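Student: Could you take me through one part of this model up close? I'd like to hear about how the pieces of one chain meet, and then how that chain meets its partner.

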Amino acid sequence: MLKKYCAVLFVSLMAAALAACGADKAATTANGSSTSPAVAQEAGGKPAANPANATAESRTIQYLGKDYTVPAVADRIVITGSVESMEDALVLGVKPVGAMTTGGKFAPVFAEITEGTVGIGEKTQPDIEAILKLKPDVILASTKFPAETIEKLNKVATTIPVSHISTDWEANLNLLAELAGKQDKAKQVLQTYKEQVQELKEKIGPIFKDKKVLAIRVRAGSTFIYPESVFFNPSLYADLGAEAPAEVKQAKAQHLISLEKLSEMNPDYLFVQFAESENKDTPRVFEELQNNPIWKSINAVKNGNLFVNIVDPVAQGGTAYSKVAFLKAVKDSGIQQTK
Amino acid sequence: MRSNKLASALILGSSPVLIVLAILLSVLYGAKEIDVDTIRDALFHFDPGNVNHQIIMHSRFPRAIGALLIGAFLAISGAIMQGITRNYLASPSIMGVTDGSAFAITICMVFMPNSSSMEMILFSFIGSALSIFLVYTLSTLLPGGLSPVRMAILGTIIGTFLSSVATAVATYFQVSQSISFWYNARLHQLDPTLVKLAVPFAVVGILAAIWLSKSISVLSLGEEIAVNLGQKTTAIKFMATGSVVILTGISVALAGKIGFVGLIVPHIARFLAGADYRWIIPCSGVLGGIFLALCDVLSRFVNYPYEMPIGVVTSLLGVPFFLYLIRTRGGEKRA
């Protein structure tokens, strides 16, 4: 008899656990539908406008050697999968109608542009239905997406896969600027950046000369390095003129390096960024790393040339926003004074 | 009962030499070139200001000893699981131990990103114990649930359930990448504190395993024979599973998921040592430890200068060797 009760109790416990998971989902869909009447109304306001736009006033946009046809007025932009475009939108002050979320929410960095924006699924899982509801003029996706996803998105609206390679940052910025009609702003941003880089390079170039400069990401307590064209590396090497260490030149993707190897590389200047999702507030795991005698023996750490999270860890590195923020952070970091 | 005492004695007798050799290799060859003199100095005249000494004592020795211990833990747990379930495909993972740990770590990473690595290890261990507890509760409640096959099925079901919930949560909160690194490449993070943490578990788990080994041999003949021989099978199973939880739980917590050691090493031990678990368990321990320590050395060089997840190396070596064994020894009625 007792056994039976136990079994019932157990099963109901499991069911409760399952239901809890389901409830979470229900809550988000409810959330989605609470905004949808407004969307439906808005969409209802110009039901025929969209297709008419597409046929009558369309234009062609060139991006990375490919042509895309978009409506002349592309106000309704949806961003999915491309954090790069989110950052560009932040720089240009473009508010997307729909954008991807992180754990159901927009990252606080993007608060400025996500007011009134509808969440359309997570970074790697665009919710096609939610996007369809928004009747977008154009969708900015990521080159990280598989071809099938792009194809599906293309059926909703013209989809442009935005490059995740850092060196395409100017093209990415110009793409969004052209879509949103903010070319002047983009031009200005690029202009200022180039001037500032030039200025900083002159000051910092002599300091970085013959020094080993390295940017790493700390993820789950392990350290990772990236190829020369990814992460903040173009800022450090191409823009500010530091020499890329052999290990960075050799890297083809994100690579795990041991502390031992890091200590052998022995960088003189070390930039550490955390993984986007972890240790944002109180980096305990990183504190442990800092207590490690091998870590303490690295030149950069010994000489106070360690720079931790000088830009928000959400920043991808290869975008106008990241680059401007990084440049500013380096400028403010006091590296110039250390001779 | 067939057993090959000569081979077992040979393995166990030569094990100190092999273990020392594995430690030597592991300490000698790493990402950084450090010569023998420096290593000797680090051992006998340790200088905290010397980076190389710190690397030797703080990274290479813990890593070598950790790999030996974890390899032994996994192989012993595998041998026990195969013995008590009479299933040659059983390995610690079949009881959902790793999945339970993955579940706990995911929850921890998402909702308590502020945890220190020691807390994470604790969570991992609790997760492992939780999944075993679930499996046992279900087994005792269901009619005939304690039969080896049913228990393995329940373990797989609970494991799959936990791991799918964990995957869903990880994907939703976008921590999958961090989680995958937490599980696939952690041996290089071992430091003296963590290795010291493993020692009490090692003593309890391994002693329990050796103490139980005779009963496991009996149990491996089948439940009925064991009962007829007067064995309290349920008690033995509980204790054996207990030592599996301790050994596997701590391995997963310290080093993440390492495949094949728990499945293949016990087979190799059985091929060499015969059917008596009094020999299989210690031989598995020795072989598993040495195997993992050598794999760890290789993992530093497969993709030099970057680290390769050790699971890749264990399967690269383990699979061909296993196929070879099946081919050459497959005629015998074992698997």
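Tutor: Sure, and one definition up front: two residues are in contact if their C-beta atoms, placed from the backbone, lie within 7 Å. Keep in mind that this is a predicted model. With that cut-off, take the contacts in chain A between residues at least 6 apart in sequence: 61% of them join residues at least 24 apart. Chain A has 339 residues, and buried ones make up 44% of them. Its secondary structure comes to 14 helices and 13 strands.

Now for the close look. Chain A splits into domain 1 (37-181) and domain 2 (204-332). Where they meet, 14 residues of domain 1 of chain A are in contact with 15 residues of domain 2 of chain A. On the domain 1 side, helix H3 (83-92) and helix H6 (169-180) of chain A are the elements that give two or more residues. H3(A) gives the most to that side, with six residues. By type, that side of domain 1 divides into eight nonpolar, three polar and three charged residues.

Then there's the partner chain. Here 37 residues of chain A are in contact with 34 residues of chain B. On the chain B side, at least two residues each come from helix H3 (51-85), helix H5 (117-141), helix H6 (148-172) and helix H7 (176-184) of chain B. H3(B) gives the most to the side of chain B that touches chain A, namely five residues. That side of chain B divides into 16 nonpolar, 15 polar and three charged residues.

Terms used
Residues numbered from 1 in each chain as written. Chains lettered and ligands numbered in written order. Predicted model: local features only at pLDDT ≥ 70, side-chain atom pairs only at ≥ 80, totals over all residues. Helix = DSSP H or I, 4+ residues; strand = E, 2+ residues; numbered from the N terminus. Nonpolar A, V, L, I, M, F, W, Y, C, P; charged D, E, K, R; others polar. Domains from an automatic or database assignment. Buried ≥ 20, exposed ≤ 12 C-beta atoms within 10 Å, placed from the backbone.
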